[in-house]
Amino acid sequence: MQSSTATFRVDVTKEQFVFSAAHFITFAGDICERIHGHNYGVRVAVEGPLDENRYVVDFIALRDAVLAETSQWDHHILLPTKHKEILVSSDDKETTARFRDRRWVFPNEDCILLPVINTTAEELARVLAEQVRERTGDAFGNALSWIEVAVDENHGQWGVCRLPW
Ligand SMILES: Nc1nc2c(c(=O)[nH]1)N=C([C@H](O)[C@H](O)COP(=O)(O)OP(=O)(O)OP(=O)(O)O)CN2
């Protein structure tokens, strides 16, 4: 019998969740960072009732869903597609990002284009949360309350996004 006051959550964070990626953001209106990289860390949590196994969800299934997403970003440049001034365009070989009079050109296969305004840790957390929710939706069903993903840019600087399940 499940207590009506108890809530349950699983948290998963693994060494393998680290992915290395390059990015640059704008801040304070018109400052655009130089391209640089981070060894990003990821943590994921989901809350919901216990199932017949007394699991919220299987750790392993959640872990593998996160890894399937983060491994696609490893060793890539993360570019925003919704920024007003970082303009990203691709031809059949190359992707070009422009900010005012600056221009960066990358092979297409090195780029991950993300539907974000700025590639901050918060925005990366949101995209990962959406992707993991989508990837696990069939397996986990619809009884969960929320999913939360946290992305660490630099040893303890976390951006966190919680989405309703
Ligand atoms: N809330 C947020 N604040 C900041 C973010 C963010 O995503 N969310 N991002 C940045 C920049 O990307 C910045 O590059 C952070 O990188 P970091 O290496 O931590 O910055 P430092 O120059 O201080 O790091 P060093 O230790 O000197 O390498 C800023 N804020």
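**Close-ups of a predicted model**

**View 1. The β11-β12 hairpin.** In β12, W158 is the bridge partner of D152. This is a predicted model, and here we're looking at how strand β11 (residues 146-152) lines up with strand β12 (residues 158-164). The two run antiparallel and are paired over seven bridges. Five residues sit between the strands of this hairpin, and H155 is the one to click on if you like backbone torsions: its phi is positive, near 50°.

**View 2. What surrounds the ligand.** Which residues make up the shell? Going along the chain, you'll find I25, E33, T120, A121, E122, E153, N154, Q157 and G159 around the ligand. Sorted by class, that shell comes out as four polar, three charged and two nonpolar residues.

**View 3. The three-stranded sheet β7-β8-β9.** These strands make an open sheet in the order β7-β8-β9, with antiparallel pairing. At the edges are β7 (86-90) and β9 (102-107), each of which pairs on one side only. On average, neighbouring strands here are turned by 15° against each other, ignoring direction. As a reminder, strands of a sheet pair through backbone hydrogen bonds, either parallel or antiparallel.

**View 4. Zooming in on β8 and β9.** Strand β8 (residues 94-99) pairs with β9 in the antiparallel sense, over six bridges. Want a spot to centre on? T96 stands opposite V105 in β9.

**View 5. Where α1 crosses α2.** Two packed helices are described by the angle between their axes and the distance between the axes. For helix α1 (residues 59-73) and helix α2 (residues 121-140), the axes cross at roughly 135° and come within 9 Å. Why call the pair oblique? Angles over 145 degrees would count as roughly antiparallel and 65 to 115 as roughly perpendicular, so α1 and α2 are oblique to each other. As for handedness, α1 passes α2 in a right-handed crossing.

**View 6. The residues between the two helices.** From α1 come A61, L62, A65, V66, A68 and E69, and they meet L128, Q131, V132, R135, T136 and A139 of α2. By class, the contact of α1 with α2 has eight nonpolar residues, two polar and two charged.

**View 7. Zooming back out.** How many helices and strands does the chain have? There are two helices and twelve strands. Read from the N terminus, the order of elements is β-β-β-β-β-α-β-β-β-β-β-α-β-β. If you're setting up a box, the C-alpha trace of the chain spans about 65 × 35 × 25 Å along its principal axes.

Conventions: Residues numbered from 1 in each chain as written. Predicted model: local features only at pLDDT ≥ 70, side-chain atom pairs only at ≥ 80, totals over all residues. Pairing = 2+ DSSP bridges. Helix = DSSP H or I, 4+ residues; strand = E, 2+ residues; numbered from the N terminus. Axes fitted to C-alpha atoms, helices over the stretch in contact; angles between N-to-C directions. Near = placed C-beta within 6 Å. Nonpolar A, V, L, I, M, F, W, Y, C, P; charged D, E, K, R; others polar. Parallel < 35°, antiparallel > 145°, perpendicular 65-115°, else oblique. Left-handed = near helix turned anticlockwise from the far one by under 90°. Contact = placed C-beta atoms within 7 Å.
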